Amino acid sequence: MTEFNDLFIKYKDLITIAVYGTAIMLILIGLYAVLLKKHLVKIVIGLSIIDAGVHLLFVAVGYIQNSTAPIFSPGNEYAAPKMVDPVPQALVLTAIVIGFAVTALALSLVIRLYKHHHTANIDQIKSLKW
Amino acid sequence: MVISPVHYIVAPLLAAFAIPLLTKLYKDAARLVPGIVLFYNVVISFELMQQVLKNGIINEVIAGWKPPWGINLVLTPFTAFLTTMVSVLGFTIWLYGFRFKRTLKGGVVKYYEILQMMMIAGSIGVIITGDLFNMFVFIEIVGITAYSLTAFYRERNGAEAGFKYLLIGSLASTFLLLAILIIYTQTGTLNMAQIAERMGSVPQSMKITALIFFLIALGIEAEMFPLNAWAPDAYEQAPSPTSATFAAVVSIAGVYALVRVLFTLFDVSGVHNYLIVMGFITMLVAEIAAITQKNLKRMLAYSSIGQVGLVLIAFGIGSKLAVFGAIFLMLNHAVIKSLLFMTGSYFIYNSDDKRLVGLNGMHKQLPYVSALFSLAAFAIVGFPPFSGFWSKFYILISASNQKMMYLIIGILLVTIIELVYYLRAVGRIYFAKEEMDDVAHKPSLNALVAMSFLALFIIIVGIYPDIITGYLSDAASSLLDKMHYVQQILGSK
């Protein structure tokens, strides 16, 4: 376990870059799917990937080097200075629930659209226009 | 019983989730319960507004966690005025839609009533919350209910409009989360008063980035150009009472969120000019699009976007008189546009033709509804004896005080466009000749009461605006007095 910690401290800049980079990559991949994919389900998947990226960014921002999870336990009552910031984690929990609801609603709308237009290709669904 | 702002949110949410159970006991509960709850909201909103005006800002602490740490609900004269307005209109729209689709099979009405009530509760939540992340949650409640209501009709093309709205709405929520994240990393708090206090020490670059994300995210909710492509489809495809709610409640909440963030959180110079420019483009594009529409509800939707553009212009001018005019216009827009959607839906209902051609000769079929529609059309363009005149008048005066002559010319030119398409609609009702069948759907009594109430309000405020200007003036000064807001929230520890 100590070896792992040493390794972690040695490459901490790299790991920070990796976490933030992953979050931003996820957001960009999701945006790519939402903007350029034609299939409705793929667009919904893109929305979920964007959400995941934003959530990862939140958790990464709240992280403090060498800290524990923000949980008070017996014998550990004064550990607050050694904890990661709990607020972003609470926000992410809320955001995950909201993201879940939106995804479920989006998929039900996709089913409705498919029944109405008999296609899931967004280019062929364009009865509403200026 | 002690009345507190929490009731605004708790009562509708409790009722919404109790309705499926209550309908098992009594079949009409789905239609009656929302009315009782919304009426209760009206009563407490009047009571709380009196308290706010007498004793100053109400700062409601939730669960004993004091403001910088916990979530707080804030009633300033501005938010108290908006909640009163939203509650009254919510109740009126319920009254209008009381007999709505009661013939639909399978208890579908139940879902409509639940979603409608939650949409109004969510909008009130956006207005009264004092916490940035809490505002995001309420915006999502409004969003999810609005997407579902847009896709309410299975036989119409609602799903397409709903999906479009959902796509744009979830991108907006992503941007809003990113903006909140930036604010949180820079100030270490989510309480709006504390953010306002600490905003001075935030680097300019971070401020601008967060501001841009906020403008994108809330601009979508507030129907600001070029982020408003969802609006006409959603307004057109949604059930008519819901279209009225979009105009009267949801867009008001969106504009409020934008204004609260720009006026209280940020002190970036130049954002006012941005509001004026974007507001003007919003208004111009929307009114030009409205004049080309052949569908009545789409025309009203574009007109709605145009009104929001004018509200943004007035907030952008930023003097006290302009903010006063902006809040007045928000009130007028909510009342008049609801009346237009309410009356307009009866024309559509009776003609099988959703296009403007369907209006031809309607005054013979529906004389009273036609008169109310014409009254609302004249009021929204701003003819003198009606309330719409005063809001536009105050905005123009404030623009002339700031020596913005081009803006005045622009607003008046756009008003001419507005006049053209509203007069065209009214002209079709009264002067176009058309062979007509008998009336198939006479307006029901509750709808007539709701519409007459709104029309009466337009006329009374138009003739005697002093009954409302006192509240508006308090609201405007409370929005502009940022230091007072911060002290009242953080000082009451």
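Is Lys403(B) buried or exposed? Lys403(B) has a relative accessible area of 67%, so it counts as exposed, given that the class begins over 50%. The model that gives this value is predicted.

Lys403(B) sits in a loop of chain B. That loop links α16, residues 387-401, to α17, residues 405-431. The backbone at Lys403(B) also stands out. Its phi is positive, about 60 degrees, although the residue is not a glycine. Most residues other than glycine have a negative phi.

Chain A offers a second case. His118(A) is not a glycine, yet its phi is positive, at about 60 degrees. This residue lies in the segment that follows α4, residues 86-117, of chain A. His118(A) has a relative accessibility of 64% and therefore counts as exposed.

The overall form of chain B comes next. The chain contains 20 helices and two strands. Its C-alpha trace spans about 70 × 60 × 40 Å along the principal axes. What radius of gyration does chain B have? The value is 22 Å. A compact globule of 493 residues would have a radius near 23 Å, so the value for chain B agrees with that expectation.

Burial and contacts add to this picture. Of the 493 residues in chain B, 65% count as buried. Contacts between residues at least 6 apart in sequence were also examined in chain B. Among these, 80% join residues at least 24 apart.

The interior of the model holds a nonpolar core of 209 residues, the largest one found. Phe81(B), Phe163(B) and Phe315(B) have the most contacts inside it. Helix α13 of chain B, residues 320-351, gives the most to this core, with 19 residues. Another core lies apart from it and has 11 residues. Among them are Ala15(B), Ile114(B), Met117(B) and Met118(B).

Which residues does Phe81(B) contact, leaving aside its neighbours within four places in sequence? The partners are Met49(B), Ile327(B), Leu331(B), Ile468(B), Tyr471(B), Leu472(B) and Ala475(B).

The surface and charges of chain B complete the description. Chain B exposes about 17600 Å². Carbon and sulfur atoms supply 66% of that area. The chain carries 32 positive and 25 negative charges. The mean positions of the two sets are 2 Å apart.

Note on methods
Residues are numbered from 1 along each chain as its sequence is written. Chains are lettered from A and ligands numbered from 1 in the order in which they are written. This is a predicted model: local features need pLDDT of at least 70, side-chain atom pairs count only at pLDDT 80 or more; totals for chains, interfaces and linings use all residues. Side-chain values use heavy atoms; hydrogens and water are left out. Helices (H or I, at least four residues) and strands (E, at least two) are DSSP runs, numbered from the N terminus. The radius of gyration is taken over C-alpha atoms; the globule rule is 2.2 Å times the number of residues to the power 0.38. Buried means under 20% relative accessible area, exposed over 50%, partly exposed in between (1.4 Å probe, protein chains only). Contact means heavy atoms within 4.5 Å. Accessible areas come from the Shrake-Rupley method with a 1.4 Å probe; for residues, only the protein chains shown count as cover. Lys and Arg count as positive and Asp and Glu as negative; His and the chain ends are not counted. The place of a charge is taken as NZ of Lys, CZ of Arg, CG of Asp or CD of Glu. A nonpolar core is a set of buried Ala, Val, Leu, Ile, Met, Phe, Trp, Tyr and Cys residues joined through side-chain atoms within 4.5 Å.
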